[in-house]
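Good morning, and thank you for making time for this presentation. I would ask you to keep the sequence and the structure in view while I speak.

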Amino acid sequence: MSRLAGKTAIVTGAARGTGAVIARRFRDEGAVVVATDVADGEGIVHLDVTNEADWDQVVSGLDRVDVLVNNAAILHMGPIERTPGDKYRRVLEVNLVGPFLGIRAVLGPMRAVGGGSVVNISSIDGLIGMNGISAYGSSKFGLGGLMRCAALELGRDGIRVNNVCPAGGNPAMYAQWFEQMTSFLGQTAAYSDNRGIPGEVPLETIAAAAVFLASDEASHITGVDLPVDGGAAAGVVIEGLNTLE
Ligand SMILES: NC(=O)c1ccc[n+]([C@@H]2O[C@H](COP(=O)([O-])OP(=O)(O)OC[C@H]3O[C@@H](n4cnc5c(N)ncnc54)[C@H](O)[C@@H]3O)[C@@H](O)[C@H]2O)c1
């Protein structure tokens, strides 16, 4: 397939997880991919999304930029009274300020080639609230605001801005809390089991949504949240209700 042929895409947080799958899928679709991360890895270009100089260095080294995938993010789990201010600020810094700096950095190059597509990897936690994740949820709701403002501001330059909103998909992100979560496994299982389409969201389906929004097939789609969540944002399934006559 070559739905992204001729496009150069920057993917942040691409050393592992969702970002690595997106980078591979984009290459499969013919894009030239600049896979970036703070973590080292084969073929990974260093880019700390919170560092303006890093953005300038990466972008200035490219002939063109058509797509930016703001994927890098960090998670903090814990109730409000056990979320230190510096932790809360750090989550906003990486998950919200990072994408802002990225959008700002690619504006010039995208304008120079007549437009582009920014795909932010947000979360269902940017669409509905959840207890115990105030920092992360705030950052993702903020990303919804940034996305809408940027879509309106940049549409006339041919630059589209959208969010992909997965519900789970990569347990590595919350691995450090696994052990504590074993005491309420039934509750966490119910979270994914009560969806229209139950179970985990495959990373490939998140990457497929990113490919679509990055491609010219989505030429008139901007300013939207695209949930990849098995229907979780639509509501919860109450099994017994299907049996009523
Ligand atoms: N894990 C999930 O279940 C889940 C659910 C919904 C949404 N998401 C979103 O998907 C995206 C990818 O998450 P993931 O699950 O692949 O996470 P992950 O933790 O596996 O990968 C995140 C990557 O971002 C990098 N990163 C962290 N801070 C960075 C920084 N300052 N600059 C550059 N890179 C940095 C990390 O090194 C890592 O490689 C995130 O935006 C996340 O919020 C994840």
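Let me begin with a definition: a polar contact is a pair of N or O atoms within 3.5 Å. What we are viewing is a predicted model, and that cut-off applies to the ligand contacts I turn to now.

In this model, a backbone N or O atom of Ile121 lies 3.1 Å from an oxygen atom of the ligand. Two further contacts involve nitrogen on the ligand side. For Asp48, a polar side-chain atom lies 3.0 Å from a nitrogen atom of the ligand. For Val49, a polar backbone atom is 3.0 Å from a nitrogen atom of the ligand. As for the wider surroundings, 26 residues surround the ligand, and the closest are Arg16, Thr18, Asp37, Asn71 and Tyr136.

I turn next to the helices. Two packed helices are described by the angle between their axes and the distance between the axes.

Consider helix α1, residues 17–28, and helix α7, residues 203–214: their axes come within 9 Å and cross at roughly 50°. Angles from 35 up to 65 degrees count as oblique, and α1 is therefore oblique to α7. The crossing of α1 past α7 is right-handed. On the α1 side, the contact is made by Gly17, Thr18, Val21, Ile22, Arg24, Arg25 and Phe26. On the α7 side, Leu203, Glu204, Ile206, Ala207, Ala208, Ala210, Val211 and Ala214 take part. By class, this contact of α1 with α7 comprises 10 nonpolar, 2 polar and 3 charged residues. Thr18 thus appears twice, in the contact with α7 and among the residues closest to the ligand.

The second pair is helix α2, residues 52–60, with helix α3, residues 85–112. Their axes come within 10 Å and cross at roughly 30°, and α2 passes α3 in a right-handed crossing. From α2, the contact draws on Glu52, Trp55 and Val59; from α3, the participants include Leu101, Arg104 and Pro109. The residues there divide into 6 nonpolar, 2 polar and 2 charged.

Finally, how do α3 and helix α4, residues 134–154, lie relative to each other? Their axes come within 8 Å and cross at roughly 20°, and the two helices are therefore roughly parallel. This crossing, too, is right-handed. Among the contributors are Tyr88, Phe100 and Arg111 of α3, and Tyr136, Leu143 and Leu154 of α4. The contact of α3 with α4 has 14 nonpolar, 5 polar and 1 charged residues. Tyr136 of α4 also belongs to the residues closest to the ligand.

Methods. Residues numbered from 1 in each chain as written. Predicted model: local features only at pLDDT ≥ 70, side-chain atom pairs only at ≥ 80, totals over all residues. Heavy atoms only, no water. Axes fitted to C-alpha atoms, helices over the stretch in contact; angles between N-to-C directions. Helix = DSSP H or I, 4+ residues; strand = E, 2+ residues; numbered from the N terminus. Parallel < 35°, antiparallel > 145°, perpendicular 65-115°, else oblique. Left-handed = near helix turned anticlockwise from the far one by under 90°. Contact = heavy atoms within 4.5 Å. Nonpolar A, V, L, I, M, F, W, Y, C, P; charged D, E, K, R; others polar. Near = heavy atom within 4 Å. Polar contact = N/O pair within 3.5 Å; in protein donor to acceptor, adjacent residues only side chain to side chain.
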